[in-house]
Amino acid sequence: MEDKEESYIDAIKKDLKKKIINKVKNEILQDIYKEIAEKDDILTDEVISLLDKKISSNSVVKKKNFKPQKETLPKQQKKYECTISVQTILKTAAHALKYANSNIPREKWIEVIGLLAGKLDKNKILHLEDAYPMGHGTAITVKIRNPDNHARAFKEIQKNKQFICGWYHSHPSYGLFMSKEDVGTQSVYQRLWDKAVALVIDPYQINGKSFGFKMFRADLNNGNWNEVPFMIKGAVDVSVLPEFLKFINPLTEGKALFLEYDEE
Ligand SMILES: [Zn+2]
């Protein structure tokens, strides 16, 4: 009888614990995304340090070469040349979805473009800290059209003590690669600064297995492109990105994140 009672109390405790964890998790997520919606400069160091674990993209991108030996793992993680913040990923994905979502007929989906900003550390690791949405194009191509806007973004980036680390554009639902035109654009950035990267995002590939984006550099000698190994800053496992994106998705369609029951 006592045993039964104890296990009953344990079960209640377990249940309560789970509910509290979920509640706290949800509240934190809501706060974070409220800030994303309101201003640029979020994901502070405190949040990042809360999200402590680092996930290397290598284990996903280069699955074929992945050997699950203990001593090879840290070496592989050291190979990344670039880190990217969750804010940058969600901003580029949200920007892409703004012009390619279920409220828009698929044949009218178009590409978006923006700048990537951040810092280079003394070990020559590029840290992408934020994305600056610039504009949108057509179904197959996109360009930053207005040089004045480029200058405006540049000022904003400087004000945030960052510098332009490259550019991003979207391939809504057609995969992660560099077209000839993309390589051409990237070559311009790379001639200005050899560490510049091109990020291609396809939000429809953020499926829990793929990050839904890749980073590239052009080979200026032969017009080919290579992937740049990266790591996500914070404890973000590839499997949680769809949940994040789903949460902020209403914003990309100009709706409220959620409604109170009173509002419905
Ligand atoms: Zn492209």
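Four donor atoms count as tetrahedral if all angles lie between 85 and 135 degrees, and as square planar if opposite donors are over 155 degrees apart and all others between 65 and 115; anything else is irregular. The legends below describe close-up views of a predicted model.

**View 1. The zinc ion is held by two histidines and an aspartate**. The donors are NE2 of His 169, NE2 of His 171 and two OD atoms of Asp 182, at 2.0 to 2.7 Å. The angles among these four donor atoms run from 53 to 159°, and the site is irregular. Along the sequence, the donor residues follow the spacing H-x1-H-x10-D. His 171 belongs to the loop between β5 (163–170) and α7 (180–192), whereas Asp 182 belongs to helix α7, so this pair ties together parts that are 11 residues apart in sequence. His 171 and Asp 182 are both buried.

**View 2. Trp 109 and Tyr 204 form a stacked aromatic pair**. Across the whole structure, eight aromatic pairs are found. In the pair of Trp 109 and Tyr 204, the ring centres are 4.9 Å apart and the planes meet at 10°, so the pair counts as stacked. Distant parts of the chain are linked by this contact: Trp 109 lies in the loop between α5 (86–98) and β3 (112–120), and Tyr 204 in the loop between β6 (197–201) and β7 (213–218), 95 residues apart. Trp 109 is buried, with 9% relative accessibility, while Tyr 204 is partly exposed, with a relative accessible area of 38%.

**View 3. Phe 211 and Phe 230 meet edge-to-face**. Their rings are 5.5 Å apart from centre to centre, with 70° between the planes. Phe 211 is located in the loop between β6 and β7 and Phe 230 in strand β9 (residues 230–232), so the pair ties together parts that are 19 residues apart in sequence. Both Phe 211 and Phe 230 are buried. Together with Phe 213, these two residues make up one aromatic cluster.

**View 4. The charged end of Lys 91 sits over the ring of Tyr 132**. The distance from this charged end to the centre of the ring is 5.6 Å.

**View 5. Strand β3 pairs with β4 and with β5**. Seven of the nine residues of β3 are buried, so the strand is largely enclosed by the rest of the structure. Nine bridges join β3 to strand β4 (residues 126–136) in the antiparallel sense, and Val 112 stands opposite His 136 of β4. The two strands β3 and β4 form a hairpin with five residues between them, and Lys 124 in the turn has a positive phi of about 70°. The pairing of β3 with β5 is also antiparallel, over six bridges. There, the bridge partner of Ile 113 is His 169 in β5; His 169 is also one of the residues that coordinate the zinc ion.

**View 6. Cys 82 and Cys 165 are not joined by a disulfide**. The structure has zero disulfides. Cys 82 is in no disulfide, and its nearest cysteine sulfur is that of Cys 165, 7.9 Å away. Likewise, the closest cysteine sulfur to that of Cys 165 is in Cys 82, and the distance of 7.9 Å is too far for a bond. Cys 82 is buried, at 0% relative accessibility. Cys 165 is also buried, at 0% relative accessibility.

Terms used. Residues numbered from 1 in each chain as written. Predicted model: local features only at pLDDT ≥ 70, side-chain atom pairs only at ≥ 80, totals over all residues. Heavy atoms only, no water. Donors = N, O, S within 2.8 Å, 3.2 Å for Na, K, Ca; no water. Tetrahedral: all angles 85-135°; square planar, octahedral: opposite > 155°, others 65-115°. Helix = DSSP H or I, 4+ residues; strand = E, 2+ residues; numbered from the N terminus. Buried < 20%, exposed > 50% of the residue type's maximum accessible area, 1.4 Å probe, protein only. Phe/Tyr/Trp six-rings, centres within 6.5 Å; stacked < 30°, edge-to-face > 60°. Lys NZ or Arg CZ within 6 Å of the ring centre and 35° of its normal. Pairing = 2+ DSSP bridges. Disulfide = S-S within 2.5 Å.
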